[in-house]
Amino acid sequence: MITPPYLKKGDTIAIVATARKNVEDNLKPAIEWLHNWGLEVVLGETIGLDHHQLAGTDEERATDFQKVMDNPNIKAIWCVRGGYGTVRMIDLLDFTKFKQSPKWIIGFSDVTVLHSHLNNLGFASIHGIMPVSAKATEEAKESLRKALFGEHLEYTVPCEPLNRYGKAKGELVGGNLSILYSLLGSSSAIDCTDKILFIEDLDEYLYHIDRMMMNLKRNGCLESLKGIIVGGMTKMHDNEIPWGKDALEIIDDVTKKYDIPIIYNFPAGHSADNHALILGRQVSIEVNDLESKVTFE
């Protein structure tokens, strides 16, 4: 797995839209963070574009992303927000120059399309807060800065009742569960072999969580995992006739036959405390009755 060069003061980061539309006005706090970190900022041409829900047409979003991806003066690309739409432009991109001169691509939620595609190409990327995450905690912001500048990343979180104890090492993959589910069968589909899987989700019905986890199981993904990190399962819904389990209990039920460590309620996903994770990086996890530790090598 190839790690893009870490940033240094004076480097330039581009903010672009790959999915839902976004205006420039709400980006001032994020631009200020970057300036405080010593970075220069350029805004992509998709910022401010309006094509129904999306930030311009598929071609416009792909052209903008291609332009900053191929620009040697831009050292990282920060996706402005999620929503839906990245999958509509992924096949319009040419990664030839990226492979020759890789750079960090950052975001979460719908940006999981890019994370999974890049992982299959052999490149690490950063799952973390986005420019519209104005309410992000200071810890979440600092974790992104550390990831971008190549500083040591290690997280220790309290033990959760459903945690499964143990130790494991492997390459970290994953992102938004709904997106991972939607990519199965495509060239961007997740490869779970000997990996540690991170998943999170937002605004889903509980039976959908069960459906998606069963699909991962039936596709053989869960069989080959070394461990699982479950982030936020935020704002879940139930039907009039209850499913009978919450999201974490569903995941526990589907994975209970596998003898692997599992961390629940890890602070990453659709919340203000969205800690950065380097996907494609080797990571070790240790889960016991007191705490869970995640350490990036």
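Entry 1, terms. I count Ala, Val, Leu, Ile, Met, Phe, Trp, Tyr, Cys and Pro as nonpolar, Asp, Glu, Lys and Arg as charged, and the others, Gly among them, as polar. The model I am working on is predicted.

Entry 2, the cavity. I looked for cavities of 30 Å³ or more and the count came to one. For the volume of the largest cavity I noted about 60 Å³. Its lining I listed as His115, Ser116, Asn119, Asn120, Val173, Gly174, Ala189, Ile190, Asp191 and Leu279. Sorted by class, the lining of the largest cavity has four nonpolar residues, five polar and one charged. I then looked up which elements the lining comes from. Helix H5 (112-121) and strand E7 (166-176) each supply at least two of the lining residues. H5 gives the most, with four residues.

Entry 3, the pocket. I went on to the largest pocket and wrote down a volume of about 590 Å³. This pocket is lined by 27 residues, and those closest to its centre are Gly83, Phe108, Ser109, Leu202 and His270. Helix H7 (177-183) and strand E8 (195-202) are the elements that give two or more residues to this lining. H7 has the largest share, three residues. By class I recorded nine nonpolar, eleven polar and seven charged residues in the lining of the largest pocket.

Entry 4, aromatic pairs. For each pair of rings I noted the distance of the centres and the angle of the planes, as such a pair is described by these. The count came to six aromatic pairs. One that I looked up is Tyr155 with Phe266, which is edge-to-face, at 5.6 Å centre to centre and with 75° between the planes. I checked where the two residues sit in the chain. Tyr155 belongs to strand E6 (residues 154-158), whereas Phe266 is in the loop between strand E10 (262-263) and strand E11 (277-279). The two are 111 residues apart, and the pair links distant parts of the chain. I found both Tyr155 and Phe266 buried.

The pair I took up after that was Tyr205 and Tyr207. Their ring centres are 6.3 Å apart and their planes are at 50°, so I entered the pair as tilted. Are these two tyrosines, Tyr205 and Tyr207, buried or exposed? I entered neither word: Tyr205 is partly exposed, with a relative accessible area of 35%, and Tyr207 counts as partly exposed at 30% relative accessibility. I also noted one aromatic cluster formed by Phe95, Phe98 and Phe123.

Entry 5, the sheet. I traced an open sheet of six strands in the order E2-E1-E3-E4-E5-E11, and the pairing is mixed. Strand E2 (40-43) and E11 are the edge strands, each pairing on one side only. For neighbouring strands of this sheet I noted that they are turned by 25° against each other on average, direction ignored.

Within the sheet I looked more closely at one pairing. How many bridges join strand E1 (residues 12-16) to strand E3 (residues 74-79)? I counted five, and the two strands run parallel. In E3, Ile74 is the bridge partner of Thr12.

Notes. Residues are numbered from 1 along each chain as its sequence is written. This is a predicted model: local features need pLDDT of at least 70, side-chain atom pairs count only at pLDDT 80 or more; totals for chains, interfaces and linings use all residues. Side-chain values use heavy atoms; hydrogens and water are left out. On a 1 Å grid over the protein atoms alone, a cavity is a set of points where a 1.4 Å probe fits but cannot get out, and a pocket is an open set with protein on both sides within 12 Å along at least five of seven lines; lining residues have an atom within 4 Å of a point. Grid points are joined across faces, edges and corners, and a volume is the space filled by probe spheres set on the points. Rings of Phe, Tyr and Trp (its six-membered ring) pair if their centres lie within 6.5 Å; planes under 30 degrees apart count as stacked, over 60 as edge-to-face and the rest as tilted. Buried means under 20% relative accessible area, exposed over 50%, partly exposed in between (1.4 Å probe, protein chains only). Two strands pair if DSSP finds at least two bridges between them. Axes are lines fitted to C-alpha atoms, for helices over the stretch in contact, and angles run from 0 to 180 degrees between N-to-C directions.
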